[in-house]
Amino acid sequence: MKKVLLIAIALLMVVGGSTFAKDAKKKLITVGYAQVGAESDWRTANTESFKSMFTEANGYKLIFDDAQQKQENQIKAIRNFIQQDVDYIVVAPVVETGWETVLKEAKDAGIPVILSDRQMKLSDNSLYTAWVGGNFLKEGQDAVAWLNDYVKNNKLTNKDLNIVILQGTIGSSAQVGRTQGELEGLAKNPHYKIMGKQTGEFTQAKGQEVMESFLKANPKIDVVFAENDNMAFGAIDAIKAIGKKPGKDIIIISFDAVHEAFNRMIAGEINCDVECNPLHGPRVAEIIQALEAGKPVDKIMYVKEGTFDTTNAKAILPTRKY
Ligand code: AHR
């Protein structure tokens with residue numbers, strides 16, 4: 001009898017143990033992240049932020065998808081996440097428009113969608129739960145404010161300045177906001193002459209190519225707005241190739257403020273860099289934890305960002321996390 005009892009207890013422990021193990025597995029929160037691509041240093045830092053936050057040790061299972069800068073790939077990824085019945089879908093949308101159908105599918109499946117980094121323009125904002133990212137319009141405005149100060153401090157107020165803009169992926173909220181901030185700000189000074197604006201797709205190679213064509217069309221360029229650091233690096237190569245000094249002969253204003261951009265500011269090749277913070281992994285995790293606890297979350301959360309230049313780059317670089 002005693003033997004039978006012992007066997008029964010042992011059996012219970014085995015069955016109970018495996019159920020417990022299954023429960024522990026089930027408790028991982030599954031998150032599908034539809035990432036834009038790997039076009040820039042900023043994007044790499046953003047991917048790393050998600051991968052290091054959404055680990056099994058932290059209670060998550062991350063399904064990561066790199067869309068190679070293509071909206072159709074992101075839509076496919078979202079549909080895959082729905083099929084896999086993930087707990088949350090996170091999207092950094094390549095462009096602002098064209099998302100209603102797939103987000104409706106996520107909503108019908110009862111899966112909350114969190115937007116991160118770039119925003120969407122939707123006819124129905126109930127299709128996503130929350131967004132966290134940078135204020136791109138303000139970034140564009142801050143870049144022009146820096147140029148205004150530079151012009152004043154360097155007694156250039158009466159000089160006409162020929163300006164070109166290397167834009168990001170057309171239709172992405174990062175491009176739309178920054179370009180708007182730049183154009184509206186620049187329009188206030190009749191000495192600012194916009195000689196051209198064209199997309200460099202947020203990549204170094206395309207940034208270089210577009211800058212080369214700008215310089216061929218007009219060798220007297222005074223200022224470049226590069227809507228991200230990698231395009232600025234490409235522009236720097238194009239400027240050096242025609243024997244000019246970036247940062248001196250041509251003022252370079254960039255966005256993101258990644259490590260390499262700080263090195264370039266210290267070297268005097270980039271004059272100013274407006275920060276765009278990529279470390280959204282923990283921010284999205286906070287949103288998910290609040291939702292798990294049944295707490296309300298803010299629909300829109302802007303991250304605080306700064307502006308840096310050659311005067312403070314050296315002192316600030318050691319404090320930078322990306
Ligand atoms: O959406 C953020 C932008 O996308 C960053 O400025 C850029 O580097 C990235 O590719």
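Contact here means heavy atoms within 4.5 Å. Keep that cut-off in mind while you click around. What you have open is a predicted model, where local features need pLDDT of at least 70, side-chain atom pairs count only at pLDDT 80 or more, and totals for chains, interfaces and linings use all residues. Residues are numbered from 1 along each chain as its sequence is written, and side-chain values use heavy atoms, with hydrogens and water left out.

**Stop 1: the whole chain**

Start with a cartoon view. The protein chain has 11 helices and 12 strands; these are DSSP runs numbered from the N terminus, with helices being H or I of at least four residues and strands E of at least two. Along its principal axes, the C-alpha trace spans about 100 × 40 × 35 Å. Of the 322 residues, 49% are buried (buried is under 20% relative accessible area, exposed is over 50%, and partly exposed is in between, with a 1.4 Å probe and protein chains only). Take the contacts between residues at least 6 apart in sequence: 73% of them join residues at least 24 apart.

**Stop 2: His191**

Now select His191, in the loop between helix 6 (173-186) and strand 7. Is His191 buried or partly exposed? Its relative accessibility is 23%, so His191 counts as partly exposed. What does His191 touch, not counting residues up to four places away in sequence? Show Thr157, Asn158, Lys159, Asp160 and Leu161, and you have the set. For Leu161, the C-alpha to C-alpha distance to His191 is 6.1 Å, with the two positions 30 residues apart in sequence numbering.

**Stop 3: helix 7**

Next, pick residues 204-217, which make up helix 7. Its 14 residues should span 20 Å at 1.5 Å a residue, and the end C-alpha atoms are indeed 20 Å apart (the expected span is 1.5 Å times one less than the number of residues). Colour Gly207, Val210, Met211, Phe214 and Leu215, the buried residues of this helix. Look down the axis of helix 7: those buried residues fall within an arc of 140°, so they line one face (the arc is that of the directions from the helix axis to the C-beta atoms). Turn to the face away from the buried side and you will find the exposed residues Ala205, Lys216 and Ala217. Covering the buried residues of helix 7 are elements including strand 6 (161-167), strand 7 (192-199), strand 8 (223-226) and helix 8 (229-241).

**Stop 4: helix 3**

Select residues 71-83 for helix 3. At 1.5 Å a residue, its 13 residues should span 18 Å, and the 19 Å between its end C-alpha atoms agrees. Which residues of helix 3 are buried? They are Gln74, Ile75, Ala77, Ile78, Phe81 and Ile82. Viewed down the axis of helix 3, its buried residues fall within an arc of 160°, so they line one face of the helix. They pack against strand 1 (29-35), strand 2 (60-66), strand 3 (88-91) and helix 4 (100-108). On the face turned away, look for the exposed residues Glu72, Lys76 and Gln83. Just after helix 3, click Asp85, which takes a positive phi of about 55°.

**Stop 5: the aromatics**

A search of the whole structure finds seven aromatic pairs. Rings of Phe, Tyr and Trp (its six-membered ring) pair if their centres lie within 6.5 Å; planes under 30 degrees apart count as stacked, over 60 as edge-to-face and the rest as tilted. Show Phe50 and Phe54: their ring centres are 5.7 Å apart and their planes are at 15°, so the pair is stacked. Both Phe50 and Phe54 are buried. Add Tyr33, Tyr60 and Phe64, which join Phe50 and Phe54 in one aromatic cluster.

While Phe64 is on screen, display Lys51, whose charged end sits over the ring of Phe64 at 4.4 Å from its centre (that needs NZ of Lys or CZ of Arg within 6 Å of the ring centre and within 35 degrees of the ring normal). For another example, go to Tyr128, where Lys299 lies over the face at 4.3 Å from the ring centre.

**Stop 6: His280**

Finish with His280, in the loop between strand 10 (272-275) and helix 10 (281-292). His280 is buried, with a relative accessible area of 0%. Leaving aside neighbours within four places in sequence, residues in contact with His280 include Trp42, Asn46, Ser49, Ser116 and Asp117. Phe50, from the aromatic stop, is also one of the contacts of His280.
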